[in-house]
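Biologist: I'm new to this one, so please take a close look at a single part for me. Walk me through the salt bridges, one pair at a time.

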Amino acid sequence: YTIWRNGAVTGQALPQVLDLARRKNLWVFAMVSQNEYGGAVLGPLLQDPVASRRAMENLLALCEQQGYDGINLDFEGVPPSDRADYTNFVSQLGGLLHRYGYYLTLSVPAETSDQPSNSWSGAYDYKALGKIADLVMVMAYDQHYSTSTAGPIASTAWVEQVTSYAARTIPLPRLVLGVPVYGYDWGSGPAQGLSWEQFQQIAQSHGLSPTSQDLVYWMNGVRHTAYYEGLQEFAAKVRVATGYGLRGIALWRLGLEDPKIWNYLGGV
């Protein structure tokens with residue numbers, strides 16, 4: 001679902017996914033995000049008490065009408081100047097949802113230290129949010145992203161640093177490590193996102209080993225570098241999470257993953 005500056009919430013979920021989850025007795029959370037416009041929407045929303053209250057009421061109604069167990073708030077690009085407003089919004093929303101028996105979970109950017117002025121992560125006060133939310137999912141990915149230089153999506157050393165900081169500031173029973181199961185292909189412009197199948201196709205079409213984390217190839221005179229988080233990299237992240245005793249892991253996102261991860265998880 002998408003949230004807007006006036007507090008409106010739009011979107012829908014796939015009925016067959018909800019039906020499957022309920023038949024398997026799985027908890028289901030509605031992911032409510034605003035990533036496309038980021039601070040241009042979230043700043044005004046958080047600063048306006050009327051819009052904020054309308055948003056909270058709409059999120060509660062979403063749970064009640066659709067039968068969700070709670071909300072996953074994925075607000076990305078909150079301006080660092082709205083740090084206090086974001087924390088206050090989370091606090092009030094958590095209180096409202098908890099009053100009616102629903103859960104509040106958060107997706108937050110990866111950090112290795114508290115940097116309140118950081119343009120991407122400064123608005124997220126791990127320590128305060130960890131006291132409010134039922135689960136905090138730290139998105140430990142996009143170390144290198146579509147408009148950055150080519151590089152690992154989430155190197156194990158970097159994920160270790162992210163997890164170490166998060167574990168010192170968020171209670172472990174509430175801390176979930178976000179793990180990437182996707183890739184990027186950097187060429188002449190912004191990188192293109194990759195699924196496991198697409199990564200395999202690139203490797204096969206250029207006679208490269210599909211078991212490598214990174215591939216370098218040429219197309220139409222342009223040098224490309226592709227990275228993908230496959231089973232080996234995935235397993236390393238799981239070991240980090242279990243080593244710190246975190247609540248669990250979260251995958252971004254279903255449909256892009258190396259299918260072998262499911263056999264691996266079945267044996268952990």
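**Salt bridges, pair by pair**

Modeller: Let's start with Asp19, which counts as partly exposed at 40% relative accessibility. Keep in mind that this is a predicted model. Asp19 makes a salt bridge with Arg23, and their closest N and O atoms sit 2.9 Å apart. Both belong to helix α1 (residues 15–23), where being four residues apart separates them by about one helical turn. Arg23 has 55% relative accessibility, so it counts as exposed, because the cut-off for that word is over 50%.

Now hop over to helix α3 (residues 49–66), home to Glu57 and Arg53, again four residues apart and about one turn of the helix. These two form a salt bridge as well, with 3.7 Å between the closest N and O atoms. Glu57 has a relative accessible area of 45%, making it partly exposed, and Arg53 is partly exposed too, at 35%.

Next up are Lys260 and Asp258, whose side chains meet in a salt bridge at 3.2 Å, N to O. Lys260 is partly exposed, with 40% relative accessibility. Asp258, though, has a relative accessible area of just 1%, so it's buried; buried means under 20%.

Then there's a little group to look at: salt bridges link Arg83, Asp114 and Asp125 in a network. Overall, the count for this model comes to six salt bridges.

Terms used: Residues are numbered from 1 along each chain as its sequence is written. This is a predicted model: local features need pLDDT of at least 70, side-chain atom pairs count only at pLDDT 80 or more; totals for chains, interfaces and linings use all residues. Side-chain values use heavy atoms; hydrogens and water are left out. A salt bridge is a side-chain nitrogen of Lys or Arg within 4 Å of a carboxyl oxygen of Asp or Glu. Helices (H or I, at least four residues) and strands (E, at least two) are DSSP runs, numbered from the N terminus. Buried means under 20% relative accessible area, exposed over 50%, partly exposed in between (1.4 Å probe, protein chains only).
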